[in-house]
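Welcome, and please open your viewer. We will go from stop to stop, with a selection to make at each one.

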Amino acid sequence: MPPADETAPANASGLAARALAASAARRPYLEGLNAEQREAVETLDGPVLVLSGAGTGKTRVLTTRIAHIIATARAYPSQILAVTFTNKAAREMKLRVGLLLGEVAEGMPWLGTFHSIATKMLRRHAELVGLRPDFTILDTDDQIRLLKQVIAAENLDEKRWPARHFAHLIDSWKNRGLAPDKVPPGEGMAFGNGKGVKLYGAYQERLATLNAADFGDLLLHVITIFRAHPDVLGLYHERFRFILVDEYQDTNVAQYLWLRLVAQGRRNVCCVGDDDQSIYGWRGAEVDNILRFEHDFPGAKVIRLEQNYRSTGHILGAASALIAHNQGRLGKTLRTDAEDGAMVTVTGAWDSQEEARLIGDEIEALQSKGHALSEMAVLVRISAQMREFEDRFVNLGLPYRVIGGPRFYERMEIRDALAYFRIVTQPADDLAFERIINTPKRGLAEATLSLLHNHARSARVPLLRAAEALAQSEELKPKPRVSLRDLLIAISGWAERLENGTPHTEVAAQILEESGYTDMWKADRSAEAAGRLDNLKELVRSMEEFPDMRAFLEHVALVMEASDGEDEDRVSIMTLHGAKGLEFETVFLPGWEDGLFPNQRALDENGRAGLEEERRLAYVGITRSRRNAKIYFATNRRLHGLWQSTVPSRFIDELPQAHVEVAEGEAGYGAPRHAPSRFDNLPAFAASTYATPGWQRAQARQRMAEEASARGTGMRGRGAAGGFQNRIIEGEVVASSIAQGAGFIMGERVFHQKFGPGVVAAIEGNKLTVDFDKAGRKMVLDSFMQKAG
DNA sequence: ATTAGCATCCTTTTT
DNA sequence: GGATGCTAAT
């Protein structure tokens, strides 16, 4: 369908006249922009690359540019293509453009994520790649289940060739714009006894039969269409007078190819990005796209935004010096007019628990001084670090919010419910049918399913149709036959109700009730069951915003998010990746230890490029803060269930002395007291907490083990602390030895990190039986107990 | 058909 | 440590 749903301004001279008239008018939205920003906003014609450092007003430039285009009547909102990576960014941009123009602009139909815009295009031309316009979008889970079938169909051992691995491989091909026939022969050999490419092709065929596309297809199919049908591409050249791209450093090859095809029309393309904030290399982002820009769009104007409006001097100084250790940068020099403010602090902790304790205390201290919790964030390298902070904050009663947990639509109960909705609206959706056929349990498992599969394959019909035929025949035993028939009757009943206009939310609720799905969770005694039922209610409630079931499912596939109270005052806990684009007054950066951050695996797999990406991550972390950045490391951390002693991150050594200070720990917490350049000397604690006999014994044990390993394997690692690297201390040993001389007595009030306050009920060696006020009676190691005042 | 118990694997995350 | 996924037992 050609994109001709609105009339373009009648002709060029009409446009020019209006532009002239408008340019004479006042443009309040330009006020307050600095010279570089203003240039980035006003350079409308031809390709523009904006290199925008952290906190330099990138979003402001983008939104103002859009407002400028519209206000000067250079194009209608519907003639502007604006692409972001996340729905959140798209929403924010929409909102801010609206604010700038004061409600004048009706929604911009082509402002969205790469994927949502590609989907919109693909639905219009689906038949050109063998899909129907109402194709289903599969998520990763569906994708993997489908791949399992494809792999099994080739008689390959699923264990040797895991579907998950293959899914990554296919994604990486799709991210590079490679259809099955374009994959370099060598690469396909690596999987499935050399059948990689064949399997990829089989998978694509299955997708077509299912009338489905995975996330990678959305872009890839559109690229295929654009290449094979210049007339279709021409429609979009005609339409899009201006193109804007956010976070350009994160584009992968497919996105780049797509963009280049669309932008080669009028060449009014403006990309905004920061090579120093490229942190998605591992999922196919190509920083080189920034360098290629000038090559592909000759005569491109490059504008640097270097005035930082976010952070104080010390924070900017520390971050800039750190990132300067990277080679292969385009290079920017950020400057600020802000005061120096507080230095970046570095604090050492004995272990990760103490680290969490220190941060918790500091947050409470700030809070009591009147700082908002919503202005503080804990930014971790890996999600596994989050639990420790959650535990600690629960104990302190600090409200917190974890950002980037499992997404709402990825939860089991939501996916199950959606599968029901899908099969009702999309009879060909075999994956949905398979998901719900025996959920809740109706005695339709493997045996029945394989019978269905055989039928479906030989008759070349979807599973649902095969099931209908089978339910009439004698092939099934009476029991499964009856329950299959009941299910089919129910499904067609629901479909009918949707057809004849029963509100979709009502039908949805009925589906969940009548299928027995909610009953299944009501009968479940496990702790999460109640939450799952809530989620289901929330799901049905959220459907109200959509006109019908189909629109709802479309939305869900691409955008669905949990809506937890964003406006409450809470500390945020999130990964460094999740923090990109956000800012806080105070940022806590725990876990700066070699191996964790920079992450060992990034180093192993990608060498120096990996290290540089980790360093950019560190840079992103520090530059999230407006006033305070607080870095932490622990000398002992439990990884994969084992205690390991760790070495402070090399990034700490790279921080400039002029902007960084070593924090004095709270009394008794044993913060190291030495110069920042001497972090390698750890562990060298002399603080009182660790001067207990038990701890000294543990140290002696460490030394013995160390000497033993030195004799056995020779010295390794670096410097004086080298011997401590990679050494494993069993949790029990450390814990019980610290406990020596703890001297608890019966009836004593005690406190436990996890269970809270309680009373000692019995003592057995180093094990205490404690009646906790909240958690009841528990047996715990005394080393985990503290005496309560 | 269901489930308990055992082995295995551990970044980062969007769509 | 803990989630996940498979085997083996009921």
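## A tour of chain A

Select K787 to begin: with a relative accessible area of 45%, K787 is partly exposed. Keep in mind along the way that this is a predicted model. K787 sits in strand β24, which covers residues 785–787. Now add L536 to the selection and draw a line between the two C-alpha atoms: K787 and L536 are 44 Å apart in space and 251 residues apart in sequence.

**The whole chain**

Zoom out and colour by secondary structure. Chain A holds 30 helices and 24 strands. Of its 789 residues, 52% count as buried. If you show the accessible surface, you are looking at about 35500 Å², and carbon and sulfur atoms contribute 52% of that area. Among the contacts in chain A with a separation of 6 or more, 74% are between residues 24 or more positions apart.

**Helices α17 and α24**

L536 is also a good way into the next stop, as it is one of the α24 residues that meet α17. Select residues 412–425 for α17 and 529–542 for α24. How do their axes cross? They come within 9 Å of each other, at roughly 45 degrees, which means that α17 is oblique to α24. The crossing of α17 past α24 is right-handed.

Show side chains here. From α17, pick M412, E413, I414, A417, L418 and F421; from α24, pick R532, N535, L536 and L539. Sorted by class, this contact has seven nonpolar residues, one polar and two charged.

**Helices α19 and α20**

Move on to residues 446–459, helix α19, and residues 463–472, helix α20. Their axes lie 8 Å apart and the packing angle is about 105 degrees, so α19 is roughly perpendicular to α20. On the α19 side, select L451, L452, H453, H455 and A456; their partners on α20 are L463, A466, A467 and L470. Seven of the residues in this contact are nonpolar and two are polar, with no charged ones.

Stay here and click on R460, in the loop between α19 and α20. R460 is not a glycine, yet its phi is positive, near 55 degrees. Is R460 buried or exposed? Its relative accessible area is 76%, so R460 is exposed.

**A buried loop residue**

For another positive phi, go to N211, in the loop between α9 (196–209) and β5 (212–214). Phi of N211 is about 55 degrees, and N211 is not a glycine either. Its relative accessible area is 1%, so N211 is buried.

**Two cis peptide bonds**

Next, select T439 and P440: the peptide bond from T439 to P440 is cis, with omega near -5 degrees. P440 belongs to the loop between α18 (430–436) and α19. Then jump to F597 and P598, which are also joined by a cis peptide bond, here with omega about 5 degrees. The loop that holds P598 runs between β15 (584–589) and α27 (600–623).

**Last stop: H115**

Finish at H115 in helix α5, residues 114–125. H115 has 24% relative accessibility and so counts as partly exposed. Which residues does H115 contact, apart from neighbours within four places in sequence? They are F215, L218, L219, Q255 and L558. Add V83 as well: its C-alpha atom is 9.2 Å from that of H115, and the two residues are 32 apart along the chain.

Key:
Residues numbered from 1 in each chain as written. Chains lettered and ligands numbered in written order. Predicted model: local features only at pLDDT ≥ 70, side-chain atom pairs only at ≥ 80, totals over all residues. Heavy atoms only, no water. Helix = DSSP H or I, 4+ residues; strand = E, 2+ residues; numbered from the N terminus. Buried < 20%, exposed > 50% of the residue type's maximum accessible area, 1.4 Å probe, protein only. Contact = heavy atoms within 4.5 Å. Areas by Shrake-Rupley, 256 points an atom, 1.4 Å probe, with all protein chains shown as cover. Axes fitted to C-alpha atoms, helices over the stretch in contact; angles between N-to-C directions. Parallel < 35°, antiparallel > 145°, perpendicular 65-115°, else oblique. Left-handed = near helix turned anticlockwise from the far one by under 90°. Nonpolar A, V, L, I, M, F, W, Y, C, P; charged D, E, K, R; others polar.
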